[in-house]
Every structure is written in structure tokens, then in C-alpha cells.
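Look over the sequence and the model below before reading on. The notes after it begin with one helix and then widen to the chain as a whole.

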Amino acid sequence: MSSDLTDPGRAMKVLLLTGLGALFFAYYWADNFDPASLQGARVLLTGASAGVGEELAYHYARLGSHLVLTAHTEAFLQKVNFLSYVQLTSLALPSLTDSKGSLVVVSSLLGRVPTSFSSPYSAAKFALDSFFGSLRRELDLQDVNVAITMCILGLQDRASAAEGIRGVTRAKAALRPKAALAVIRGGATRASGVFYPWRFHLLCLIRAWLPRPRAWFIRQELNITAAATA
């Protein structure tokens, strides 16, 4: 018999990793989403004119939710900043508290894992993540039954987004309908977080373990020549 298999320390590590892997997959593949729970639900949806917001509107409509939609142009979207989220949340919180409602926040992987050539965008998303993380703790301390679901999404298959990173990153865009459905499922089940694709959760965990990745890993993500001249 191999000495590796008879080493108690190594065997314990294998068992621990196997157990953690089983818990991880059980967490992501457990499905307690009931589409009927959204029948007649009141949903205020911002940014419904394009991208994931547009797909969310389609999904909620098919599920029988009552929608209030707000839309924006691409130019206006560029002017919306972190303070807009704070102001909108502050206005909505009293009503959400009375109805025991939910806040579903669509953010980005760049709000958890910073990457090259995205400093302003990453800063805004990190601020968003920090604000809603702190707000969740405050609501818990006050026994306020308002769920906050942070949705960490990757690059979406919008023409404007694809054009902005063309030749700079090797990342592939996610399909908007599937990303939108993941957001809806997370909000309906009052999950604390949604990662789409699911492997983004692993990236966030690795970020916590290795806060300063080697340059080699960064180069796998980027076309350095194109990024430097962009």
C-alpha cells in the first residue's frame, strides 16, 4: 500500500477537502426556487431598457409579477454613480421594511476581484459591495426583515460592453437570459449572494486567500499589448 494512503495527516487533508467540495456543490445545486412565489409580486426594476435589466423585465413578466420599470440611455448610465444607489435605497427602505421585502443589487465581479485597466469601475463596484454589506449587518442588528441579495455577474453579451473590452481581455461574455434568471432565483429565495457564472464564487475565495496574484495569472486574463495601447 502507498505510503501516501497510510499517512494519517495526508488522509485527513483529503477527507477535509472532499467534505468542503461536497458542501460547496450541495450549496450551489440545492434548488428551493418556487416560480409561483413571484406570481403577483410587486417589483421595481431600474435600468430595464437594456442588458440584464431588460432580460429581468421579460422573466418577471412571464412569472406574473407586477412591474414598475425605469429606463435610461447609455449616456445617462455613464453618469449614474454610487450615490444614486444610496439615495434610491434610502427612499425605498421604509416601504421594504413594512412589506418585509427584498433588495436585489446587480453588481460585478470587479467589485470583489480588482483587475487591470478598470480602476474607476472597480472602485465604484467595491463601494457598492461595501455599502450593501454594511447595510445588511445594520438591518440584522435591528431585526429588520429586509433581504439584500448581491449579484456578482461577469461580462454580459451587450454590444457596448463587448466593444469596450474588444482586444483587451480574454474573458467571454455570459448570456443575458441565463444571468437574469440567476438573479431572479437569488432574489426570490432571499439568498445573500448570487454568482453567475457560479465559478465566480471560487474566484472570490481565491482572492481572499491570494490577495496579490502573480503577474502570470494577470497575463492570462489580458492581452497586455492591446491593453497598454488602449
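This is a predicted model. Helix 6 covers residues 119–141, and its 23 residues should span 33 Å at 1.5 Å a residue. The end C-alpha atoms of helix 6 are 33 Å apart, which agrees with that expected span.

**Helix 6 and its neighbours**

- Which residues of helix 6 are buried? They are S122, K125, L128, D129, F132, L135 and L139.
- An α-helix has 3.6 residues a turn, so residues three or four places apart point the same way.
- The buried residues of helix 6 pack against helix 5 (82–99), and also against strand 3 (102–108) and strand 4 (147–153).
- D143 comes just after helix 6 and takes a positive phi, of about 55°.

**The chain as a whole**

- The protein chain contains 11 helices and five strands.
- It has 230 residues, of which 29% count as buried.
- Taking contacts between residues at least 6 apart in sequence, 67% join residues at least 24 apart.
- About 14900 Å² of the protein chain is exposed, and carbon and sulfur atoms supply 61% of that area.

**Nonpolar cores**

- The largest nonpolar core has 19 residues, and L38, L45, L56, Y60, L153 and I184 have the most contacts inside it.
- At least two residues of this core come from each of strand 1 (42–45), helix 3 (51–62), strand 4, helix 8 (176–188) and strand 5 (193–196).
- Helix 8 gives the most to this core, namely five residues.
- Y60, one of the residues with the most contacts in the core, touches L38, V43, S65, L67 and I184, leaving aside residues up to four places away in sequence.
- Another core, of 12 residues, lies apart from the largest one, and its members include V105, L128, F132 and V146.
- L128 and F132 of this second core are also among the buried residues of helix 6.

**The loop residue G101**

- Where is G101 found? It is in the loop between helix 5 and strand 3.
- Is G101 buried or exposed? Its relative accessible area is 13%, and the cut-off for buried is under 20%, so G101 counts as buried.
- G101 touches L96, N145, V146, A147 and R190, again leaving aside residues up to four places away in sequence.
- V146, one of these contacts of G101, belongs to the core of 12 residues.
- G101 and R42 are 59 residues apart in sequence, while their C-alpha atoms are 9.5 Å apart in space.

Notes:
Residues are numbered from 1 along each chain as its sequence is written. This is a predicted model: local features need pLDDT of at least 70, side-chain atom pairs count only at pLDDT 80 or more; totals for chains, interfaces and linings use all residues. Side-chain values use heavy atoms; hydrogens and water are left out. Helices (H or I, at least four residues) and strands (E, at least two) are DSSP runs, numbered from the N terminus. The expected span of a helix is 1.5 Å times one less than its number of residues. Buried means under 20% relative accessible area, exposed over 50%, partly exposed in between (1.4 Å probe, protein chains only). Contact means heavy atoms within 4.5 Å. Accessible areas come from the Shrake-Rupley method with a 1.4 Å probe; for residues, only the protein chains shown count as cover. A nonpolar core is a set of buried Ala, Val, Leu, Ile, Met, Phe, Trp, Tyr and Cys residues joined through side-chain atoms within 4.5 Å.
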